Amino acid sequence: MIVLKALSKSFTRETAALADINLTIKTGEVFGIVGESGAGKSTLLHLLNLLSPPTKGEILLDGVDPWQLTEQERRQLRQKIGTIFQTPHLLANRTVLENIALPLKLQGRKDSAKVNELLNFVGLGDKGRAYPRQLSGGQQQRVAIARALVTEPAMILCDEPTSALDERTTLEILTLLKQAQTTFQPTIVFVSHELTAVKYLCQNAAILAAGKLQEVTPVRQRAIVTDTNYTQQVLARLQA
Ligand SMILES: Nc1ncnc2c1ncn2[C@@H]1O[C@H](COP(=O)(O)OP(=O)(O)O)[C@@H](O)[C@H]1O
Ligand SMILES: [Mg+2]
């Protein structure tokens, strides 16, 4: 369970990017964070990713305050956190397999069975030796998802992971995230301003505005319906 208690974060003296956030995220749920640009969504993920301490308040991960731990203990805790961003941030001069294996390598580990399992899980079984530039944007994001899953994280932080993708690819990536959740059961914190995506994936969501938590609400989940015929779908929308 993730508990945030009176959490604040200021980057400058004058303004707080986040102020007095109280929030509980249950283990294994997909929790949405919704808000307009500048609301503090990425700052919240930055804190959950343990990249820097809060200015005030506490983060508790399963009852543990990571900022009371030694740096080494905190680093071990961070190994249980995966991140997926709007852009995949793949290493251009490494193959798909090497990119997926990177978090393990950084931990001094090697597990080619796991890397291959994830390559197949994200549907890129035939692309292991390809380089990122040879993949489409959606395929690159699949690699980023495999890379985030390879360490079997307890928590996955997603920062607008589909905001740079077209609708069909968005649905593919969201479907994959849902499968990842069912298969590996991590807690997922899903930041997005796309409400269809949040409604598809999240059980509960928080609304942020100007660094403050406005509401926490259950989400009535809804499937995303896309017309299989792209041209007809665009025509219908343009003419509606
Ligand atoms: N590293 C930083 N240094 C200074 N200000 C920052 C930094 N990161 C975020 N901010 C500020 O914090 C506020 C919230 O930003 P952010 O969390 O990125 O919002 P969102 O992801 O919701 O668009 C903004 O006013 C932004 O300018
Ligand atoms: Mg952001």
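In this predicted model, Gln141 is buried, with a relative accessible area of just 1%. Because buried means under 20% relative accessible area, this glutamine falls within that class at 1%. Gln141 belongs to helix H5, which spans residues 137-149. Leaving out residues up to four places away in sequence, the partners of Gln141 include a run of neighbours made up of Ile84, Phe85, Gln86, Thr87 and Pro88. Pro161, Leu165 and Ile173 also touch Gln141.

A second residue of helix H5, Val143, is likewise worth a look. Val143 is buried, with a relative accessible area of 0%. Its contacts, once neighbours within four places in sequence are set aside, are Leu90, Val96, Asn99, Ile100, Leu124 and Leu135. One of these partners, Leu90, lies 53 residues from Val143 in sequence, yet the two C-alpha atoms are 8.1 Å apart in space.

Burial can also be followed along a whole helix. Helix H1 covers residues 41-48, and it is largely enclosed by the rest of the structure because six of its eight residues are buried. Four leucines, Leu44, Leu45, Leu47 and Leu48, are among the buried residues of H1, and Lys41 and Thr43 complete the set. After H1 comes Leu50, which has a positive phi, near 60 degrees.

Helix-to-helix packing is illustrated by H4 and H6. Two packed helices are described by the angle between their axes and the distance between the axes. Helix H4 runs over residues 112-121 and helix H6 over residues 167-184; their axes come within 12 Å and cross at roughly 135 degrees. H4 and H6 are therefore oblique to each other, because an angle has to be over 145 degrees to count as roughly antiparallel. From the H4 side, Lys114, Glu117, Leu118 and Phe121 take part in the meeting of the two helices. Their counterparts in H6 are Leu176, Gln179, Ala180, Thr183 and Phe184.

The surface offers a contrasting picture. Tyr230, Val234 and Leu238 form a nonpolar patch there, and together they have about 330 Å² of accessible area. Val234 sits in helix H8, which comprises residues 230-239. An α-helix has 3.6 residues a turn, so residues three or four places apart point the same way. Val234 has 30% relative accessibility and so counts as partly exposed.

How values were computed: Residues are numbered from 1 along each chain as its sequence is written. Chains are lettered from A and ligands numbered from 1 in the order in which they are written. This is a predicted model: local features need pLDDT of at least 70, side-chain atom pairs count only at pLDDT 80 or more; totals for chains, interfaces and linings use all residues. Side-chain values use heavy atoms; hydrogens and water are left out. Patches are made of residues with over 30% relative accessible area and no salt bridge: like charges are joined within 9 Å, nonpolar side chains (Val, Leu, Ile, Met, Phe, Trp, Tyr) within 5 Å. Accessible areas come from the Shrake-Rupley method with a 1.4 Å probe; for residues, only the protein chains shown count as cover. A salt bridge is a side-chain nitrogen of Lys or Arg within 4 Å of a carboxyl oxygen of Asp or Glu. Buried means under 20% relative accessible area, exposed over 50%, partly exposed in between (1.4 Å probe, protein chains only). Contact means heavy atoms within 4.5 Å. Axes are lines fitted to C-alpha atoms, for helices over the stretch in contact, and angles run from 0 to 180 degrees between N-to-C directions. Angles under 35 degrees count as roughly parallel, over 145 as roughly antiparallel, 65 to 115 as roughly perpendicular and the rest as oblique.
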